[in-house]
Structures are given as C-alpha cells and as structure tokens.
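Me: I should like to take a close look at a single part of this structure, namely its sheet and what packs against it. Please describe that part in a connected way.

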Amino acid sequence: MPSLGDFIHTQFLLKIPEPTNSFAGFTVILTGANGGLGKEIAKHLIRLGADKLIFGCRSTERGTQAKRTVEAAAGCNSSIIEVWELDLESPPSIKSFIERAKRLHRLDVVIHLAGVRSFNFEVVYDTERTLAVNNIGTFLLALPLIPKLQETARTFGTTPVMTIVGSALYDMAKYPDKPGEDIFSYFTDKSKVNPWNQYNLSKLIQLYTLIKLASIVDPLHASTPNTHPIVINSVDPCFCETGLSREVSGMTSVVVKAFAAFAARPADDGARQVVQAAGCGRETHGLYLRAGNVQAYKPIAQDHTKTEYLWQVLCKRLRKMDPSILDNLNQ
Ligand SMILES: NC(=O)c1ccc[n+]([C@@H]2O[C@H](COP(=O)([O-])OP(=O)(O)OC[C@H]3O[C@@H](n4cnc5c(N)ncnc54)[C@H](OP(=O)(O)O)[C@@H]3O)[C@@H](O)[C@H]2O)c1
C-alpha cells in the first residue's frame, strides 16, 4: 500500500508537468476514450501532434460525444479522431476492432485505458466482471495488436509503445490463498468476491501479465536483440476525479465522493502522466511508472510463481477464444 507520505506527495504536492514528447505523425489507439481520463489524454495527444487518434468505446454515441468535446477544446480538424466500437466484454467486438486495426497504415501507440471497478457482482467470461474487463478483455485485445506495433517499428524505424493504465492500489490487493487451477473461475463464486479488493487484484494481475509479456516480446537484455523493438509499460495516473467509482452506492458513495472531493486530483493531472508514459522509450519496457518516474515493483508484484501461474491461466483462456493469439508475438 502506498505510504501516507507517498499518498500526500502524489496527491497534493507533486508537480505534474505537461508532457512534451512529440506524437507527430503517429496513429494512436486509446480505449476508454470517453471516460474521465480519456478525454484529457486525447487533448494532449492532439496538442502533441498525433495524426490519427482512434477512440475505442463500447458506446459509439458516448465516443462521438467525447470526440466533439475534444475537438472543440483542441480546435482540431474533425478527421483526426475516429470512433470505433469496442466492448471488452464481447469477443466479436474485440475481434472486429483488431481486424480494423490491422488495416491501419501504421500503429504507433496503444493506450489501454478502458477499465472498471465493479460493485454489482456479475459473471462475464466465466469470471467476476472487474477481472473480465481489466484482465481478460484487455489482453484479448492487447496481444493481437502487438504484431501491428512491430510492423510499424520495422516500416518506419520507430519504437512503438503499448501502455497499460494501472493503479498503485495493486499493492493493496489480497491474493487468495488457494485460487485452485484457475483464479478466474474461483471468482465466479460471489461469496469469494470482495468488490473493494477485486479492482486492486485486477491491477496486480495486469502487472503480472505485463511483466511476463515484456519478457517474451523484445526483452531488454536479449542475447540477439530485435533491431526494431517495441515498448510495453504501465503507469499509475494517481487518484483522479473521474467516473470510475460510479457503481458504489448508498452511504459508501457519499464517503467516496467526499474523499474524492478532498484528495482526488483533476483528471488532467492523471492524463499528463499517462501521455508521458506513452511517449517513453525502451528504458521503461516491462516497467511501471508512478509520479513521473519508473518505480520499482513492490514485493507482491515480484512473485515469479504467481506471474507464471497467471500467465498460464490467462493464456489458456485467451487461446480458447482466439487459438492463434500467442502466435507472432516475436517478429
Ligand atoms: N481515476 C482514478 O483515480 C484512477 C486511478 C488509477 C487508475 N485508473 C485507471 O484509469 C482507467 C480509466 O478510468 P477513469 O478513471 O477514466 O474512469 P471512467 O471515467 O470510469 O472511464 C472508464 C472508461 O472505460 C470504459 N469501459 C468500461 N468498461 C468497458 C468495456 N467493457 N468495454 C470498453 N470500454 C469499457 C468506460 O466506458 P463507458 O463510458 O461505456 O462505461 C470508460 O470510457 C481505468 O483503467 C482505471 O483503472 C484510474
């Protein structure tokens, strides 16, 4: 768990500069673009020169509304932002999004921002919904986009980036003692689900997956390094005022809102950090950024056994939905 000192520093004292890395000429995919952080991220990407910005939104209506808001604020040409339908709870939706992405001229940056903090228990992909969206849906989309990033690296001599928006709350996750053969199946039982923990756990699982994935795709210290590698990193945007806790209800919701009014930073502060991470280079591959810098993983994320277990369990599930999902990760 972030210490009180760390929390005070990141929420109240830290100065978060505007990102300055150029995205000129880049094509960027941003999932969850219509959310609180999404719109602010989009404004920065346009200011920094992105050529094409694809909003992956499960509601094209909300996506189009966000596009109009961003265009009005950024004063940009209406051809830059495209809204593509993407529901991370639906394999056909993910599949058609990927097929469209494969036809892009180039793909320089993917920001996996879409995520949920579910308080209304529901089973999706044969697991609890927070894990379904933040882990299964997110990586069902992420893995098939990697070859497109690699193709862009080779064609344009650039270093494309995939950024997964994480959370410092990963360190507070309670990992079950005996999750059995498949931790996702374990959480189909409502009695085992603590909604407060579920989000933190999903963010921990994201890191296990990221660490393993980055060790497979263009590892930093490979004996025969790829001449055109990509970057896969993660970033914590700090606690920001957005709609993320919208499913909290009753008195708890009053407390959560009061705490947010006191401690949350504006969404733009979080957006700045995400855009900074998405503009980083190989020095961040497989790593996690917080408060503007790479931060060492806390011991809970450095668990090799859990990393391997999660990778096996997740891949087994992903392969059932997309048998070739692990092919071509290293080109
Ligand atoms: N806000 C914070 O303090 C904070 C801190 C750390 C990390 N984060 C991370 O930042 C990310 C963005 O959250 P936010 O704070 O901007 O919250 P938000 O305003 O609730 O935005 C979440 C976005 O994810 C989309 N989404 C949810 N389920 C989806 C699905 N099944 N398919 C496709 N898109 C889906 C939402 O779309 P709809 O509008 O259709 O629901 C929305 O666009 C999340 O990954 C969150 O974990 C946030």
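Reply: Two strands are said to pair if DSSP finds at least two bridges between them. With that in mind, the sheet of this predicted model can be described strand by strand. The sheet is open and has eight strands, in the order S3-S2-S1-S4-S7-S8-S9-S10, and its pairing is mixed. Its edge strands are S3 (81-85) and S10 (293-294), each of which pairs on one side only. At the S10 edge, strand S9 (residues 288-290) runs antiparallel to S10, and two bridges join them. There, Arg-290 stands opposite Asn-293 of S10.

Helices also accompany the sheet. Helix H5 (residues 129-156) packs on the sheet and touches strands S4 (109-112) and S7 (161-165). The direction of H5 makes about 170° with that of S4. Helix H9 (residues 267-278) lies across S4, S7, S8 (231-236) and S9, and runs at about 150° to S7.

One residue of another helix deserves attention: Ile-94, which belongs to helix H4 (residues 91-102). Leaving aside neighbours within four places in sequence, Ile-94 is in contact with Leu-86, Leu-88, Gly-137, Leu-140 and Leu-141. Of these partners, Leu-141 is 47 residues from Ile-94 in sequence, yet their C-alpha atoms are 6.1 Å apart in space. Is Ile-94 buried or exposed? Ile-94 counts as buried because it has 22 C-beta neighbours inside 10 Å, and the cut-off for a buried residue is 20 or more.

Definitions and conventions
Residues are numbered from 1 along each chain as its sequence is written. This is a predicted model: local features need pLDDT of at least 70, side-chain atom pairs count only at pLDDT 80 or more; totals for chains, interfaces and linings use all residues. Helices (H or I, at least four residues) and strands (E, at least two) are DSSP runs, numbered from the N terminus. Two residues are in contact if their C-beta atoms, placed from the backbone, lie within 7 Å. Axes are lines fitted to C-alpha atoms, for helices over the stretch in contact, and angles run from 0 to 180 degrees between N-to-C directions. A residue is buried if 20 or more other C-beta atoms lie within 10 Å of its own, exposed if 12 or fewer, and partly exposed in between; C-beta atoms are placed from the backbone.
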